[in-house]
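Thanks for coming, everyone. Please bring up the sequence and the model on your screens, and I will walk you through a few places in turn.

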Amino acid sequence: MSDSLFSLPPVPGIPVRGESATYPIGRIFCVGRNYAAHAAEMGVEVDREKPFYFTKSPASAVLSGAAVPYPPGTENYHYEMELAIALGAEVFRASPDEARAAIYAYGCALDMTRRDLQLSERAKQRPWGLGKDVENSAVFAPLTRAADMAPIAAQRIHLEVNGETRQDATLDELIWKLDEIICHLSGFYHLRPGDLILTGTPAGVGAVRPGDVITGGIDGLDPIRLTLTDPA
Ligand code: MN
């Protein structure tokens, strides 16, 4: 290997409950509109034909507990509480059985979003990049191995801002189930360990301001926390 011209900021590894090693972040895929009540609050119909995705850069990742500055370029920065899947095997054109077997771990995640830019770009039929691929916007709590928890069913998923509940749903409300997402996404990518999939947010999304503390949880998983500070 030749030397690099310069070094990049390190991408954090995600702690895993019961492991001393961390889970390295390869790619971050995010599913759009995967809860009917959230699609309705976004003013769109649920498309049951195919799921759709956007991505976040691994460089946008931060760990739960972080305090991060309110980002530039938005007046409407939103929280989205989500279940994250961490893959532990290579899968391509996965069968449902292969998809389920490829899930290494689960965790709580936040998909922080410049909602004003997402919606204005959507209205112009432009990509959502500026709205979604925001610095410090992919927040990960410690992971729990799939083998160490009950199967994903109707666990509660919830989020609070400064202690006040804003999102409260159950995982059985997911429109695209986890194996369906992996089957479909693996038709477009050679998925592999290090790939994370954020599975969409329930209803109740909303704006936060500098000074706000976001907390969230999913039954059986480590909780998540993010503090927003003044713009850098
Ligand atoms: Mn999302």
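**From the N-terminal segment to the metal site**

Let me begin with leucine 8, which lies in the segment before strand E1, the strand that covers residues 27-31. Please keep in mind throughout that what you are looking at is a predicted model. Leucine 8 is exposed, its relative accessible area being 65%, and together with Leu5 and Phe6 it forms a nonpolar patch on the surface, for which the accessible area comes to about 450 Å² in total.

Now to the manganese ion, whose protein donors are Glu80 and Glu82, each through OE, and Asp111 through OD, at 2.0 to 2.1 Å from the metal. Along the chain these donors follow the spacing E-x1-E-x28-D. Because glutamate 82 sits in strand E6 (residues 81-87) and aspartate 111 in strand E7 (residues 103-111), that pair ties together parts that are 29 residues apart in sequence. Are glutamate 82 and aspartate 111 buried or exposed? Both glutamate 82 and aspartate 111 are buried.

Finally, the sheet: 5 strands form an open sheet with mixed pairing, and their order is E4-E16-E15-E11-E12. Strand E4 (67-69) and strand E12 (164-170) stand at the edges with a single partner strand each, so one side of each has no neighbour in the sheet. From one strand to the next, the twist averages 20°. If you follow strand E11, residues 156-161, you will find that it runs antiparallel to E12 and that 6 bridges join the two, with arginine 156 standing opposite threonine 170 in E12.

Methods. Residues are numbered from 1 along each chain as its sequence is written. This is a predicted model: local features need pLDDT of at least 70, side-chain atom pairs count only at pLDDT 80 or more; totals for chains, interfaces and linings use all residues. Side-chain values use heavy atoms; hydrogens and water are left out. Donors are N, O and S atoms within 2.8 Å of the metal (3.2 Å for Na, K and Ca); water is not among the atoms, so sites may look incomplete. Helices (H or I, at least four residues) and strands (E, at least two) are DSSP runs, numbered from the N terminus. Buried means under 20% relative accessible area, exposed over 50%, partly exposed in between (1.4 Å probe, protein chains only). Two strands pair if DSSP finds at least two bridges between them. Axes are lines fitted to C-alpha atoms, for helices over the stretch in contact, and angles run from 0 to 180 degrees between N-to-C directions. Patches are made of residues with over 30% relative accessible area and no salt bridge: like charges are joined within 9 Å, nonpolar side chains (Val, Leu, Ile, Met, Phe, Trp, Tyr) within 5 Å. Accessible areas come from the Shrake-Rupley method with a 1.4 Å probe; for residues, only the protein chains shown count as cover. A salt bridge is a side-chain nitrogen of Lys or Arg within 4 Å of a carboxyl oxygen of Asp or Glu.
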